[in-house]
Amino acid sequence: MGRSKRTSVAVIYNFPGEDEYEALRKKVKNGDVVSPTGDIKDLEGIATVQEEIDALVKGLQKEGFDARAMNIEDDFDRLFKCLTDPRPDVVFNLVEFFNNDPLLEDRVAALYDLLGIPYTGAPPLTLAICQRKALAKQILKAFRIPTPRYKLVKKKPVPKLTGLRYPLIVKPAWEDASAGVTDQAVVEDRAQLEKRVRMILAEYGQPALVEEFIDGRELGVSVIGNKNPKVLPIEEMDFSDLPPDRKAIITFESKWNPLSEIFHMGKLVCPAKLPRSIQRRVKKVALQTYQVLGCRDYARIDIRLDKNDNPFVLEVNPNPDLTEGVAFMASAEAAGLSFSEVLQAIVEEAIKRTPPPSPKASSNNADAPSEA
Ligand SMILES: Nc1ncnc2c1ncn2[C@@H]1O[C@H](COP(=O)(O)OP(=O)(O)O)[C@@H](O)[C@H]1O
Ligand SMILES: [Mg+2]
């Protein structure tokens with residue numbers, strides 16, 4: 001079906017400051033850094049934020065959309081202009097924080113709602129809940145969806161953690177992307193725990209989430225759609241190449257620092273090799289999670305299996321990363337969906353939510369064709 005006018009899509013993201021991968025690339029070019037793998041290509045293959053956004057815009061254009069990237073750079077006036085001058089038909093929402101504050105993420109989506117502009121991904125309430133890991137876990141618990149037992153520590157001193165069994169993991173309660181997660185986040189005793197909690201409270205200025213450590217396989221479960229949401233093939237982070245003195249977790253370093261050896265050691269496997277029965281359980285848990293937390297269009301749910309293959313939800317990522325070939329997109333590809341097809345499917349879901357023109361607007365519109 002041809003569109004009379006191409007649908008305009010504002011791809012809105014927030015990226016103030018310099019791109020670290022861009023800076024790294026310059027260093028590689030000048031020969032200032034050495035790759036820990038010995039192969040310099042491993043450092044060249046890293047995509048900058050700008051390149052990832054460009055790929056997404058190109059994908060949308062390929063599907064016939066009039067897509068444009070807009071970096072709001074922590075500037076409200078710029079954000080407002082992106083939404084009003086000219087007004088896009090739909091927003092592809094990639095904003096994850098504002099003024100360096102991840103708790104402002106939901107307010108940006110709320111602004112689209114106030115302006116009546118449909119946008120991709122989760123609504124403000126879901127973004128707000130999932131950004132607060134302990135709150136999301138509380139809701140999962142209420143629905144009997146398994147998530148590791150935990151305590152939220154808001155201030156010193158660390159209370160007695162009755163009912164929690166070591167080893168524990170300590171994470172900042174409101175972060176993403178493994179921020180604050182290092183090998184030292186996994187603690188074996190009270191002394192290590194107190195040290196780590198103090199560090200989180202002081203350096204992150206937010207509560208510390210203390211959680212039972214689930215020693216087992218790590219899965220990324222991607223879900224797409226609304227009316228009949230579908231679970232895509234499950235992805236696994238394979239830690240088997242890690243040296244024995246390293247913790248089998250996704251640390252900040254292993255996720256983001258290509259100059260560290262550990263970055264090159266984890267392998268993403270998709271689809272994960274899992275017995276059918278376990279796959280079914282994991283998918284069921286992921287779907288329930290998606291639904292009770294009000295996820296929309298697409299999401300990725302981090303799950304770990306314990307030694308007996310019982311799934312536990314670690315956290316929920318509404319509006320997950322859409323980099324081609326990894327995470328959500330790797331799962332979509334394994335399901336036979338191309339990069340641009342996925343983008344199109346997500347935008348089409350958002351377009352369905354276009355609010356009807358308000359009566360006030362149409363009655364004020366002198367040029368509107370008269371009613372039949
Ligand atoms: N309870 C846990 N048990 C085992 N590993 C965990 C646990 N919580 C977090 N991790 C490890 O830390 C990583 C980051 O934690 P996660 O809760 O997913 O936060 P983020 O939002 O930073 O991705 C996970 O991918 C996992 O490897
Ligand atoms: Mg995670």
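**Figure 1. Phe 76 and its aromatic partner in helix H4 of the predicted model.** In this predicted model, Phe 76 is partly exposed, its relative accessible area being 42%. Phe 80 also counts as partly exposed, at 35% relative accessibility. The rings of Phe 76 and Phe 80 form an aromatic pair of the stacked kind, with 6.0 Å from centre to centre and 25 degrees between the planes. Because the two residues lie four apart in helix H4, which covers residues 76–84, about one helical turn separates Phe 76 from Phe 80. This pair belongs to a set of three aromatic pairs that the structure holds.

**Figure 2. The tilted pair of Tyr 112 and Tyr 119, with Arg 296.** The ring centres of Tyr 112 and Tyr 119 lie 5.1 Å apart and their planes stand at 55 degrees, so this pair is classed as tilted. Tyr 112 is buried, with a relative accessible area of 0%, and Tyr 119 likewise counts as buried, at 2% relative accessibility. The ring of Tyr 119 takes part in a further arrangement, in that the charged end of Arg 296 sits over it, 5.2 Å from the ring centre.

**Figure 3. The surroundings of ligand 1.** The shell around ligand 1 comprises 20 residues, of which Lys 171, Ser 178, Glu 211, Glu 218 and Ile 250 come nearest. By residue class, the shell divides into 10 charged residues, nine nonpolar residues and one polar residue. An oxygen atom of ligand 1 lies 2.6 Å from an N or O atom in the side chain of Lys 171, and an oxygen atom of the ligand is placed 2.5 Å from a polar backbone atom of Ser 178. The backbone of Glu 212 also takes part, since one of its polar atoms is 2.9 Å from a nitrogen atom of ligand 1. Taken alone, ligand 1 exposes 530 Å², and the protein buries 97% of that area. The elements that contribute two or more residues to the shell are strand S5 (168–172), strand S7 (208–212), strand S12 (298–305) and strand S13 (311–318).

**Figure 4. The cis peptide bonds that precede Pro 86 and Pro 167.** Asp 85 and Pro 86 are joined by a cis peptide bond, for which omega is about -5 degrees. Pro 86 is situated in the loop between H4 and strand S3, the latter spanning residues 90–93. The peptide bond that leads from Tyr 166 to Pro 167 is cis as well, with omega near -5 degrees. Pro 167 has its place in the loop that runs between strand S4 (150–153) and S5.

**Figure 5. Positive phi values at Asp 74 and Ala 327.** Asp 74 has a positive phi of about 60 degrees, although this residue is not a glycine. The residue is found in the loop between strand S2 (66–71) and H4, and Asp 74 is partly exposed, with a relative accessible area of 22%. Ala 327, again a residue other than glycine, has a positive phi near 45 degrees. The place of Ala 327 is in helix H11, which comprises residues 327–334. With a relative accessible area of 10%, Ala 327 is buried, because that value falls under the 20% limit.

Note on methods. Residues numbered from 1 in each chain as written. Chains lettered and ligands numbered in written order. Predicted model: local features only at pLDDT ≥ 70, side-chain atom pairs only at ≥ 80, totals over all residues. Heavy atoms only, no water. Near = heavy atom within 4 Å. Polar contact = N/O pair within 3.5 Å; in protein donor to acceptor, adjacent residues only side chain to side chain. Areas by Shrake-Rupley, 256 points an atom, 1.4 Å probe, with all protein chains shown as cover. Nonpolar A, V, L, I, M, F, W, Y, C, P; charged D, E, K, R; others polar. Phe/Tyr/Trp six-rings, centres within 6.5 Å; stacked < 30°, edge-to-face > 60°. Buried < 20%, exposed > 50% of the residue type's maximum accessible area, 1.4 Å probe, protein only. Lys NZ or Arg CZ within 6 Å of the ring centre and 35° of its normal.
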